[in-house]
Amino acid sequence: MKLNYDQKTDSLYIHLADRPSVDSDEVVDGVVLDFDENGALVGIDVQHASKKADIQNLSLLHLPLRELDAA
């Protein structure tokens, strides 16, 4: 899983899988779910992210991490 925040557009994209999306569904204003060809969720796009979430803090709880990459 990867998190990508674009400060210019205030958008947060959560990559859940490294597969291309072929379909999207805006579930609430500014939150779009992306699906692969099999209907599996591959990403979440959050527009105006700083208004919807505390993007200054990230907590990882109870995740089986083998490796942590920081940009």
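With which residue does lysine 2 form a salt bridge? In this predicted model, the partner of lysine 2 is aspartate 18, and the closest N and O atoms of the pair are 3.8 Å apart. The two residues belong to distant parts of the chain: lysine 2 is in strand E1 (residues 2-6), while aspartate 18 is in the loop between E2 and strand E3 (23-28), 16 residues apart. Lysine 2 is partly exposed, with a relative accessible area of 49%. Aspartate 18 is exposed, its relative accessible area being 69%.

A search of the whole structure gives 2 salt bridges. Another salt bridge joins arginine 19 to aspartate 36, with the closest N and O atoms 2.7 Å apart. This pair also links distant parts of the chain, since arginine 19 is in the loop between E2 and E3 and aspartate 36 is in the loop between E4 and E5, 17 residues apart. Arginine 19 is partly exposed, with a relative accessible area of 42%. Aspartate 36 has a relative accessible area of 5%, and it counts as buried because this value is under 20%. In general, side chains of opposite charge can pair when their charged atoms come close.

Aspartate 34 has no such partner. This residue is found in strand E4 (residues 31-35) and is buried, with a relative accessible area of 8%. Aspartate 34 has no salt bridge, and the nearest side chain of opposite charge, that of arginine 19, is 12 Å away. A salt bridge requires the nitrogen and oxygen atoms to be within 4 Å, so arginine 19 at 12 Å does not form one with aspartate 34. The side chain of aspartate 34 instead makes polar contacts with the side chain of serine 24 (2.6 Å) and with the side chain of tyrosine 13 (2.7 Å). Apart from neighbours within four places in sequence, aspartate 34 is in contact with Tyr13, Ser21, Asp23, Ser24, Ala40, Leu41, Val42 and Gly43. Histidine 62 lies 28 residues from aspartate 34 in sequence and 25 Å from it in space, C-alpha to C-alpha.

Aspartate 10 is likewise buried without a salt bridge. It is located in the loop between E1 and E2. The nearest side chain of opposite charge is that of lysine 51, 4.5 Å away. The cut-off for a salt bridge is 4 Å, so the pair of aspartate 10 and lysine 51 is not counted as one. The side chain of aspartate 10 makes a polar contact with the side chain of tyrosine 5 (2.6 Å). Not counting residues up to four places away in sequence, aspartate 10 touches Tyr5, Val46, Gln47, His48, Ala49, Ser50, Lys51 and Ile55.

Two residues touched by aspartate 10, Val46 and Ala49, also belong to the largest nonpolar core. This core has 8 residues, the others being Leu12, Ile14, Val31, Leu33, Phe35 and Ile44. At least two residues of the core come from each of strand E2 (11-15), E4 and strand E5 (41-47). E4 gives the most, with 3 residues. Beyond its neighbours within four places in sequence, valine 46 is in contact with Asp10, Ser11, Leu12, Gly30, Val31 and Lys52. In soluble globular proteins, nonpolar side chains tend to be buried together.

How values were computed: Residues are numbered from 1 along each chain as its sequence is written. This is a predicted model: local features need pLDDT of at least 70, side-chain atom pairs count only at pLDDT 80 or more; totals for chains, interfaces and linings use all residues. Side-chain values use heavy atoms; hydrogens and water are left out. Helices (H or I, at least four residues) and strands (E, at least two) are DSSP runs, numbered from the N terminus. Buried means under 20% relative accessible area, exposed over 50%, partly exposed in between (1.4 Å probe, protein chains only). Contact means heavy atoms within 4.5 Å. A polar contact is a pair of N or O atoms within 3.5 Å; within protein, one must be able to donate a hydrogen and the other to accept it, and residues adjacent in sequence count only if both atoms are side-chain atoms. A nonpolar core is a set of buried Ala, Val, Leu, Ile, Met, Phe, Trp, Tyr and Cys residues joined through side-chain atoms within 4.5 Å. Lys and Arg count as positive and Asp and Glu as negative; His and the chain ends are not counted.
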